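Colleague: Got a minute to go through this one with me? I'd like to talk about charged pairs and strands.

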Amino acid sequence: MAENIKYQINGQLADNTVTVDNKEDMILVPVSIGCANEARIIAEMKAEDSGLREETIKHVFELEKRVIKRLLMSGYNVNTGLYYASVSFRGVIENSQWNPAKNSIVVNFNVGADLRQAIKNTTVGIIGEKGAAMFVTGVQDVATRAQDASATAGRAFTLTGGKLKIAGTDPSVGITLTDSSGAETKITEDLYVVNDPSRLTFIIPAGLADGTYELKVTTQFSGSGSKLLKTPHSAAKTIYIGKAPEGGGGSSGGEEENPLG
């Protein structure tokens with residue numbers, strides 16, 4: 001039975017930085033209204049008035065994660081409706097031996113039928129121009145030319161968008177990469193290659209391990225001459241050092257008055 005729930009996501013118009021000479025050529029940038037973590041998801045489930053206690057919902061939530069991990073790491077492909085997940089291996093096998101230093105397990109995600117239906121049931125509202133906000137519209141691994149949010153350690157990586165230039169003296173200003181365990185690496189200024197309002201290129205530190213990272217750019221750049229913003233603004237993007245998950249790609253980056261709030 002087709003889903004009859006309707007959704008809406010809003011976007012703001014922004015200048016297409018690829019076509020600099022055409023000021024009427026606009027793109028649409030999704031408006032982020034926050035980050036829904038596990039606690040938020042459970043709260044939303046409880047708000048559906050399911051009659052279940054919050055402790056029961058948490059138990060089921062954790063049980064689903066545990067079972068899916070076990071199935072995937074046992075060799076099953078998993079289809080939840082929202083996504084289809086499968087496992088693949090990376091690296092060359094030498095002497096018929098698995099070497100964790102050279103070989104790794106990768107989980108690939110593709111959009112499932114339920115989520116494709118939700119996309120069909122979603123309308124997009126255009127709520128004006130982004131104005132002074134900073135935003136990210138595209139990424140590229142300079143080494144491989146890939147634009148799927150994959151990056152190569154020790155090689156250059158480029159962000160395109162608006163008002164990305166790193167400027168200001170606030171301690172939070174700069175570029176950081178945070179791995180899945182919460183360990184943060186700040187990109188030192190000597191690794192900046194291009195630091196322009198519409199293009200930011202820097203070298204990914206060579207020592208970073210493959211995996212999923214949150215890339216965050218924080219700046220006081222305002223776009224109004226030498227005037228700096230009093231409060232730093234940030235834009236965040238999920239990137240993958242190594243190969244990006246199939247059907248994956250980075251999450252949308254946008255202005256955050258309170259980064260990651």
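Modeller: Sure. Bear in mind that this is a predicted model. Let's begin with Lys-65, which is partly exposed at 33% relative accessibility.

Colleague: Which residue does Lys-65 form a salt bridge with?

Modeller: Glu-62. The closest N and O atoms are 3.2 Å apart. Glu-62 is partly exposed too, at 34% relative accessibility.

Colleague: How many residues apart are they in the helix?

Modeller: Three, in helix α2, which covers residues 54-72. That is about one helical turn.

Colleague: Which salt bridge links distant parts of the chain?

Modeller: Asp-210 with Arg-90, with closest N and O atoms 3.1 Å apart. The two are 120 residues apart. Asp-210 sits in the loop between β13 and β14, while Arg-90 is in strand β4, residues 83-90.

Colleague: Buried or exposed, or partly so, for Asp-210? And Arg-90?

Modeller: Asp-210 is partly exposed, with a relative accessible area of 48%. Arg-90 is also partly exposed, with 27%.

Colleague: Which residues do shared salt-bridge partners join into a network?

Modeller: Glu-38, Glu-62 and Lys-65 form one network.

Colleague: What about Glu-44, what does that pair with?

Modeller: Arg-40, with the closest N and O atoms 2.8 Å apart. Both lie in helix α1, residues 38-47. They are four residues apart, about one turn of the helix. Glu-44 has a relative accessible area of 40% and is partly exposed. Arg-40, at 45%, counts as partly exposed as well.

Colleague: How many salt bridges in the whole structure?

Modeller: A search finds seven.

Colleague: Switching to strands. What is the order in the four-stranded open sheet?

Modeller: β7-β9-β13-β12, with antiparallel pairing. The edge strands are β7 (135-141) and β12, each pairing on one side only. From one strand to the next, the twist averages 15 degrees.

Colleague: How many bridges between β9 and β13?

Modeller: Five, linking residues 156-162 of β9 to 199-203 of β13. Thr-158 has Thr-201 as its bridge partner there. Leu-159 stands opposite Leu-200 in β13.

Colleague: And how many bridges between β12 and β13?

Modeller: Three, again antiparallel, with β12 covering residues 192-195. The two strands form a hairpin, with three residues between them.

Colleague: What is the bridge partner of Val-194 in β13?

Modeller: Thr-201. That residue is also the partner of Thr-158.

Note on methods: Residues numbered from 1 in each chain as written. Predicted model: local features only at pLDDT ≥ 70, side-chain atom pairs only at ≥ 80, totals over all residues. Heavy atoms only, no water. Pairing = 2+ DSSP bridges. Axes fitted to C-alpha atoms, helices over the stretch in contact; angles between N-to-C directions. Salt bridge = Lys/Arg side-chain N within 4 Å of Asp/Glu carboxyl O. Buried < 20%, exposed > 50% of the residue type's maximum accessible area, 1.4 Å probe, protein only.
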